Each structure stands twice: as C-alpha cells, then as structure tokens.
Amino acid sequence: GTYSVKWNPETATVTFEVLTLTGVEGIDADDAEAEYYNLQGVKVANPTNGIYVKVAGGKAVKTVVAE
C-alpha cells in the first residue's frame with residue numbers, strides 16, 4: 001500500500017497515514033469434488049458410516065457420515 005509519514009517538530013510526533021490499501025479482493029474456491037480421508041490419513045473413495053476428514057475448496061473439516 002501507500003503510506004504518508006509526517007513529522008511534527010513542535011510536538012515531536014510522527015504520524016502515519018494509510019493512503020491506499022492493497023490486497024486480495026476476493027477468493028473463489030475451486031469447484032473440485034470433495035475428497036475424504038479416515039482418521040489415519042488414508043484416502044477413502046466411498047465413505048460409509050464413521051468420522052472422516054473432508055477436503056474441498058482448500059479447506060479441511062471433520063465430518064460424520066451416517067447412512
């Protein structure tokens with residue numbers, strides 16, 4: 001970003017001001033299909049009843065599969 005730094009000799013202070021911000025405007029998650037892993041870290045093709053780690057769109061969450 002762009003910043004402004006000002007020195008005030010009368011009060012012996014420095015002032016910082018943000019003039020422009022830069023960064024990521026938004027993040028689009030991939031539309032990739034979810035992958036499942038058991039609690040030992042082994043990839044599971046077709047999860048059945050149990051607790052799994054679901055990985056999709058760059059995020060991993062614990063999930064319970066109950067049929």
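Biologist: How much accessible surface does the protein have, and what share of that surface belongs to carbon and sulfur atoms?

Modeller: In this predicted model, the accessible surface of the protein comes to about 5,900 Å², and carbon and sulfur atoms account for 53% of that area. A companion value is the buried share, which is 7% of the 67 residues.

Biologist: Before we look at single residues, what does the confidence score say about the protein, and where is confidence lowest and highest?

Modeller: The average pLDDT of the protein is 82, and 81% of the residues score at least 70. Confidence is lowest in β2, where the mean is 80, and highest in β4, where it reaches 94.

Biologist: How many helices and strands should I look for?

Modeller: The secondary structure consists of zero helices and six strands, and reading along the sequence gives the pattern β-β-β-β-β-β.

Biologist: How do I read the pairing of these strands, and in which sense, parallel or antiparallel, do β1 and β2 pair?

Modeller: Strands of a sheet pair through backbone hydrogen bonds, and the sense may be parallel or antiparallel. Here strand β1, residues 2-8, and strand β2, residues 13-20, pair in the antiparallel sense over seven bridges. To place one residue in that ladder, take K6, whose bridge partner in β2 is T15. The hairpin of β1 and β2 has four residues between the strands, and in this hairpin A12 takes a positive phi near 55 degrees.

Biologist: Is S4 in strand β1 buried or exposed, and why does it count so?

Modeller: The relative accessible area of S4, a residue of strand β1, is 16%, and S4 counts as buried because buried means under 20%. Leaving aside residues up to four places away in sequence, S4 touches T15, F16, E17 and L19.

Biologist: Which residues make the nonpolar surface patch?

Modeller: The patch is made by V5, W7, V14 and F16 and covers about 480 Å². Strands β1 and β2 each supply at least two residues of this patch. As one member to inspect, V14 lies in strand β2 and is partly exposed, with a relative accessible area of 42%.

Biologist: Turning to the other strands, in what order do they form the open sheet?

Modeller: Four strands form the open sheet in the order β4-β3-β5-β6, with antiparallel pairing. The edges are held by β4 (43-44) and β6 (59-65), each of which has a single partner strand, so one side of each is left without a neighbour in the sheet. At the β4 edge, two bridges join that strand to β3, residues 35-37, and the two run antiparallel. Within this pair, Y36 has V44 of β4 as its bridge partner.

Biologist: How should I read a salt bridge, and which residue forms one with K43?

Modeller: Side chains of opposite charge can pair when their charged atoms come close. The structure holds one salt bridge, in which K43 pairs with E35, the closest N and O atoms being 3.2 Å apart. The two partners fall into separate accessibility classes when each is read on its own: K43 counts as exposed at 52% relative accessibility, whereas E35 is partly exposed at 32%.

Biologist: Which residues does L39 touch, not counting residues up to four places away in sequence?

Modeller: L39, which is found in the loop between β3 and β4, touches I51 and V53 under that restriction. The C-alpha atoms of L39 and Y52 are separated by 6.2 Å, although these residues are 13 residues apart along the chain. L39 is nevertheless exposed, with a relative accessible area of 54%.

Biologist: And where is the place of E67?

Modeller: E67 sits in the segment after β6 and is exposed, its relative accessible area being 74%. Not counting residues up to four places away in sequence, E67 touches P47, T48 and N49. The C-alpha atoms of E67 and G50, which are 17 residues apart along the chain, are separated by 9.4 Å.

Biologist: What share of the contacts with a separation of 6 or more comes from residues 24 or more positions apart?

Modeller: Residues 24 or more positions apart account for 4% of the contacts in the protein that have a separation of 6 or more.

Technical notes
Residues are numbered from 1 along each chain as its sequence is written. Side-chain values use heavy atoms; hydrogens and water are left out. Two strands pair if DSSP finds at least two bridges between them. Buried means under 20% relative accessible area, exposed over 50%, partly exposed in between (1.4 Å probe, protein chains only). Contact means heavy atoms within 4.5 Å. Patches are made of residues with over 30% relative accessible area and no salt bridge: like charges are joined within 9 Å, nonpolar side chains (Val, Leu, Ile, Met, Phe, Trp, Tyr) within 5 Å. Accessible areas come from the Shrake-Rupley method with a 1.4 Å probe; for residues, only the protein chains shown count as cover. A salt bridge is a side-chain nitrogen of Lys or Arg within 4 Å of a carboxyl oxygen of Asp or Glu. pLDDT is the predictor's confidence in each residue, from 0 to 100.
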